[in-house]
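Hi,

Here is the structure I promised to pass on. Have a look at it first, and then read on for what turned up.

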Amino acid sequence: MSLQSKVMEQMKTAMKAKDSVALQSLRAIKSALLLAQTESGSKEELSEAEEIKLVQKLVKQRKDSAAIFTEQGRADLAEPELAEVAVIEQFLPEQLSEEEVEKVVVQTIETTGASGMKDMGKVMGIVSKKLSGQADGKTISTIVKKLLS
């Protein structure tokens with residue numbers, strides 16, 4: 001089942017339950033999907049990797065907004081953002097723990113022979129492709145920096 005059909009099913013459920021936060025989150029996903037489809041000019045479905053990347057972007061935007069609101073002492077604005085994150089994350093694959101990400105990074109460093117920060121780009125590229133959708137770039141970047149420095 002494509003992401004778009006899953007979102008539509010969840011929207012129906014949210015409407016019946018009168019869950020406005022879930023409905024708002026699901027509409028954001030639907031909107032982003034439609035924009036991405038029309039952006040390329042084709043009516044074809046997005047690939048699964050593109051869908052995951054799109055959902056990750058939505059989650060990141062809301063987490064960043066919530067962090068800024070919290071920093072400014074606006075918990076009233078941060079809470080709805082975090083509630084939307086919880087709804088949107090349902091459509092992402094299971095996220096790996098930091099330990100699991102670190103194992104992949106160590107393995108990649110060993111196979112590529114990376115020896116310092118100059119090799120960070122090479123390691124980041126390989127690890128990001130391996131863990132596409134299973135870990136965010138910030139976590140990967142932090143672990144790679146720690147291990148290469």
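A quick word on terms before the details: a helix here is a DSSP run of type H or I with at least four residues, and helices are numbered from the N terminus. By that count, Leu-54 belongs to helix H3. Please keep in mind that this is a predicted model.

**The whole chain**

The chain has 7 helices and 0 strands, so reading along the sequence simply gives α-α-α-α-α-α-α. Its C-alpha trace spans about 55 × 45 × 25 Å along the principal axes. Of its 149 residues, 35% count as buried. If you take the contacts between residues at least 6 apart in sequence, 59% of them join residues at least 24 apart.

**Helix H1 and its partners**

H1 covers residues 3-17, which makes 15 residues. From first C-alpha to last it reaches 21 Å, close to the 21 Å expected at 1.5 Å a residue. Which residues of H1 are buried? They are Leu-3, Gln-4, Val-7, Met-11 and Ala-14. These residues cover an arc of only 90 degrees around the axis, which puts them on the same side of H1. The general rule behind this kind of pattern is that an α-helix has 3.6 residues a turn, so residues three or four places apart point the same way. On the other side of H1, Lys-16 and Ala-17 are exposed.

What do the buried residues of H1 pack against? The answer is two helices, H2 (20-39) and H3 (48-71). Just past the end of H1 comes Lys-18, with a positive phi near 55 degrees.

The H1 and H2 pair is worth a look on screen. Their axes are 9 Å apart and the packing angle is about 155 degrees. An angle over 145 degrees counts as roughly antiparallel, and H1 and H2 are therefore roughly antiparallel to each other. Their crossing is left-handed. On the H1 side the residues that meet H2 include Leu-3, Val-7, Met-8, Met-11 and Met-15; on the H2 side, Leu-23, Leu-26, Ile-29, Leu-33 and Leu-34 are among those that meet H1.

**Two residues in H3**

Back to Leu-54. Buried or exposed? Leu-54 is buried, because its relative accessible area is 16% and the cut-off for buried is under 20%. Leaving aside neighbours within four places in sequence, Leu-54 is in contact with Ile-29, Ala-32, Leu-33 and Ala-36. Take Leu-33 from that list: Leu-54 and Leu-33 are 21 residues apart in sequence, and their C-alpha atoms are 7.6 Å apart in space.

Val-59 is also placed in helix H3. Val-59 has a relative accessible area of 5%, so it too is buried. Not counting residues up to four places away in sequence, Val-59 touches Val-85, Ile-88, Glu-89 and Leu-92. As for Val-59 and Leu-34, they are 25 residues apart in sequence and 17 Å apart in space, C-alpha to C-alpha.

**Helices H5, H6 and H7**

Further along the chain, H5 runs over residues 98-112. Its 15 residues should span 21 Å at 1.5 Å a residue, and the end C-alpha atoms are 21 Å apart, which agrees. Buried in H5 are Val-101, Val-104, Val-105, Thr-108 and Ile-109. Those residues cover an arc of only 135 degrees around the axis, which puts them on the same side of H5. Glu-99, Lys-103, Glu-110 and Thr-111 are exposed on the other side of H5. Where do the buried residues of H5 pack? They pack against H6 and H7. Right after H5, Gly-113 takes a positive phi of about 75 degrees.

H6 (residues 120-130) and H7 (residues 137-148) also pack together, at an angle of about 140 degrees and with axes 10 Å apart. That angle makes H6 oblique to H7. H6 passes H7 in a right-handed crossing. In H6, the residues that meet H7 are Met-120, Val-123, Met-124, Val-127 and Ser-128. Their counterparts in H7 are Gly-137, Ile-140, Ser-141, Val-144, Lys-145 and Leu-148.

Cheers

Terms used: Residues numbered from 1 in each chain as written. Predicted model: local features only at pLDDT ≥ 70, side-chain atom pairs only at ≥ 80, totals over all residues. Heavy atoms only, no water. Expected span 1.5 Å × (residues − 1). Buried < 20%, exposed > 50% of the residue type's maximum accessible area, 1.4 Å probe, protein only. Arc of directions from axis to C-beta. Contact = heavy atoms within 4.5 Å. Axes fitted to C-alpha atoms, helices over the stretch in contact; angles between N-to-C directions. Parallel < 35°, antiparallel > 145°, perpendicular 65-115°, else oblique. Left-handed = near helix turned anticlockwise from the far one by under 90°.
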